[in-house]
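Work through the exercises below with the sequence and the coordinates open beside you, and try each task before you read its solution.

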Amino acid sequence: MTNKRTRQRPPSAKSAGMAEGPARVSDKPEGRDVYLQLQRRLLESSLEPLKEMVRAGETDGDTATALLVNDWKTRRGDSRTASFRKFVENSGPIFENEPYFDAGYDLLMDRSYMIAKASSNAQLFFKIYQHLSGEPYDSPKQLLKIMREIAKGKRFLELGCGPGFCLGVLRELGAEVAGVEMRLEFANAVPEAGVRCGDAEFLGDLFGDSRFDVIYSHDFFCESVVLERLKSLSVAAAAFRHMEDGGLGIHQINCWKMPLPVFLFDMWVTLSQRGDDFEQFQNTFWNLPPEEMEDSFYTNRFSLDPQDLLRLGVEIKELSLENDVFTLVARKPLSKGRGEQPD
Ligand SMILES: C[S@@+](CC[C@H](N)C(=O)[O-])C[C@H]1O[C@@H](n2cnc3c(N)ncnc32)[C@H](O)[C@@H]1O
């Protein structure tokens, strides 16, 4: 998915050292200043043609940002593990297109979820395959058949599912699916996905005492969703209550730092659509101390503490950072954990 969230706070003039501080002895840039100016000029010139197309209405900002993101991912594609690449290459009809959501969260532009062609997130399905088949991924030709065997008749619940792209894929594979999404416009975006609108902390209100074989999430237990640790723990406890004994929790977040051109272009799109001054933002940005500048790029942080899960009685099966994706896989023990029942 393109990471269009309203995450960046424009740096303050004070933190940028613009409002106060000693006057410069010389206006001639030196050292790091020269390097930053060079970088700035380079970026400005290389992004200008894209901006021109957006200004002229030949394309929209989201499409241009998606192009930059995909271009960047393609160029560093070798960071993906060989088995993951094999999985994607052999996915065939499981994925219509690109394995990533190509959908933007456009809160500022009053356009809700942009539904593009991509059907799902390959890394999530890769983990479902690994943990439910109990076999290493070594039979690409059998992928679809095995995925169907894995999914058939299993009950999947997605937390914070947006419009429910992943659910759609799982349903096609024969699974029984349910999703919970807090935002009404996302929950209603794809009526046939059957997404329920509500808070994942109160699963009982939506699903009674139903239990699920797999409860999963993508980009949900993370700071960008503002799911703080205590809220995350409450949601995890609710999920634990609604999980079958022996059931699995698979939770992933995309964990990558935006490259500078993507970050700046994304800001340009966002600010210019809002009618805010991008130049002013840029001037402040380039004067930030290096750490603060780096902090402004997008990084996602997992908000669920594995220690809390252990205390809930969950077994941790995997904690990994692969292919830019952080994954936690947890299992509810077969014997009833601490006598908890669905709420
Ligand atoms: C970053 S989006 C990820 C959506 C989707 N899983 C994806 O990967 O494209 C996080 C989603 O979680 C939803 N959300 C946040 N808090 C929630 C809560 N307490 N209960 C249900 N959904 C929630 C948000 O509305 C948003 O759609």
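The exercises that follow concern a predicted model, and each solution goes step by step.

**Exercise 1. The helix H10**

Task: Determine how the span of helix H10 compares with the expected one, which of its residues are buried, and what follows the helix.

Solution: Begin with the limits of the helix, which covers residues 260-274 and so has 15 residues, with an expected span of 1.5 Å times one less than that number. The distance from the first C-alpha of H10 to its last is 21 Å, close to the 21 Å expected. Next, look for the buried positions in H10, which are Val 262, Phe 263, Leu 264, Phe 265, Asp 266, Trp 268, Val 269 and Thr 270. Finally, step past the end of the helix to Gly 275, where phi is positive, near 80°.

**Exercise 2. Two helix pairs**

Task: Classify the orientation and the handedness of the crossing for H4 with H5, and then for H1 with H10.

Solution: For the pair made of H4 (residues 122-133) and H5 (residues 143-151), the axes are 10 Å apart and the packing angle is about 70°. Angles of 65 to 115 degrees count as roughly perpendicular, and H4 and H5 are therefore roughly perpendicular to each other. The crossing in which H4 passes H5 is left-handed.

For the second pair, H1 (residues 31-55) and H10 have axes that come within 11 Å and cross at roughly 50°. Since this angle falls in none of the parallel, antiparallel or perpendicular classes, H1 and H10 are oblique to each other. H1 passes H10 in a right-handed crossing.

The link between H1 and H10 can also be followed residue by residue. Glu 44 is placed in H1, and its C-alpha atom is separated by 8.9 Å from that of Pro 261, although the two residues are 217 apart along the chain.

**Exercise 3. Buried or exposed?**

Task: Assign His 251, Asp 219, Arg 331 and Glu 44 to the classes buried, partly exposed or exposed.

Solution: The cut-offs needed are 20 or more other C-beta atoms within 10 Å for a buried residue and 12 or fewer for an exposed one.

- His 251, in strand E5 (residues 243-254), has 26 such atoms and is therefore buried. Tyr 216 is 35 residues away from His 251 in sequence, yet 5.3 Å away from C-alpha to C-alpha.
- Asp 219, in the loop between strand E4 and helix H9, has 22 such atoms and is therefore buried. Its phi is near 55°, a positive value in a residue other than glycine. Most residues other than glycine have a negative phi.
- Arg 331, in strand E7 (residues 325-331), has 18 such atoms and is therefore partly exposed. Its C-alpha lies 9.1 Å from that of Met 243, with the two positions 88 residues apart in sequence numbering.
- Glu 44 has 12 such neighbours and therefore counts as exposed.

**Exercise 4. The shell around the ligand**

Task: State which residues come nearest to the ligand and how the shell divides by residue type.

Solution: Of the 18 residues around the ligand, those that come nearest are Gly 160, Gly 162, Met 182, Ala 200 and His 218. Sorting the shell by type then gives ten nonpolar, three polar and five charged residues.

How values were computed: Residues are numbered from 1 along each chain as its sequence is written. This is a predicted model: local features need pLDDT of at least 70, side-chain atom pairs count only at pLDDT 80 or more; totals for chains, interfaces and linings use all residues. A residue is near a molecule or strand if its C-beta atom, placed from the backbone, lies within 6 Å of it. Ala, Val, Leu, Ile, Met, Phe, Trp, Tyr, Cys and Pro count as nonpolar, Asp, Glu, Lys and Arg as charged, and the others, Gly among them, as polar. Helices (H or I, at least four residues) and strands (E, at least two) are DSSP runs, numbered from the N terminus. Axes are lines fitted to C-alpha atoms, for helices over the stretch in contact, and angles run from 0 to 180 degrees between N-to-C directions. Angles under 35 degrees count as roughly parallel, over 145 as roughly antiparallel, 65 to 115 as roughly perpendicular and the rest as oblique. A crossing is left-handed if the near helix is turned anticlockwise from the far one by less than a right angle, and right-handed if clockwise.
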